[in-house]
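Reader: Please take a close look at one helix and its surroundings. Which charges and rings does that part bring together?

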Amino acid sequence: MKKNILFGILILALVGGAYAYYEYNKPVASIENKKADVVIDADDLLSAYESDENTANQLYTEKIIQVKGTISEITKDGTVDKVIIETTNPLAGVICEMENGQNFGALKTGDEIEIKGRCTGFLSDVVLVQSSIVK
């Protein structure tokens, strides 16, 4: 009887461990082909967060945002490539963490760009993750 109970617990632990492993390693769904919930200029997006962060969080956080603006910086460090879109505030911008494998082509500082990403909120800059360049 005790062997059956221990065997049942072992099976449950193995099934639970396999499910946890699957969930942890499941790839994140790309948003590249999804429609943007909001299309906005980088200055307007930053202004919304600077004027009322709580309201801006309700409007933009966890939504797919398509942002228009001028590139102020491109960072390719091998782990997370980023494109920073400048705003009229010299101390803040929109940081776009790019999806893996995103082709930057001939993009450079000063180019106009449209990027789509999932907004995660405001940390002195507005942050978009899973970003991709809008064609």
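Author: **Helix α2 and its partners**

D44 is found in helix α2, residues 42–51. Helices here are DSSP runs (H or I, at least four residues), as are strands (E, at least two), numbered from the N terminus. The model is predicted: local features need pLDDT of at least 70, side-chain atom pairs count only at pLDDT 80 or more, and totals for chains, interfaces and linings use all residues. Residues are numbered from 1 along each chain as its sequence is written, and side-chain values use heavy atoms, with hydrogens and water left out.

Take the charge first. D44 counts as partly exposed because its relative accessibility is 47%. Buried means under 20%, exposed over 50%, partly exposed in between (1.4 Å probe, protein chains only). D44 joins D41, E86 and E112 in a surface patch of negative charge. Such a patch takes residues with over 30% relative accessible area and no salt bridge, like charges being joined within 9 Å. A salt bridge puts a side-chain nitrogen of Lys or Arg within 4 Å of a carboxyl oxygen of Asp or Glu.

Now the rings. The whole structure holds two aromatic pairs. Rings pair if their centres lie within 6.5 Å; planes under 30 degrees apart are stacked, over 60 edge-to-face, the rest tilted. Y49 and Y60 have ring centres 6.1 Å apart and planes at 40°, so this pair is tilted. Y49 sits in helix α2 and Y60 in helix α3 (residues 53–60), 11 residues apart. Both are buried. Y49 and F122 are stacked, at 5.6 Å centre to centre and 15° between the planes. F122 lies in strand β5 (residues 112–122), 73 residues from Y49. Y49 counts as buried because its relative accessibility is 1%. Ring pairs thus link Y49, Y60 and F122 into a cluster.

Definitions and conventions. Patch = residues over 30% accessible without salt bridge, like charges linked within 9 Å, V, L, I, M, F, W, Y side chains within 5 Å. Areas by Shrake-Rupley, 256 points an atom, 1.4 Å probe, with all protein chains shown as cover. Lys, Arg positive; Asp, Glu negative; His and termini not counted. Charge placed at Lys NZ, Arg CZ, Asp CG, Glu CD. Phe/Tyr/Trp six-rings, centres within 6.5 Å; stacked < 30°, edge-to-face > 60°.
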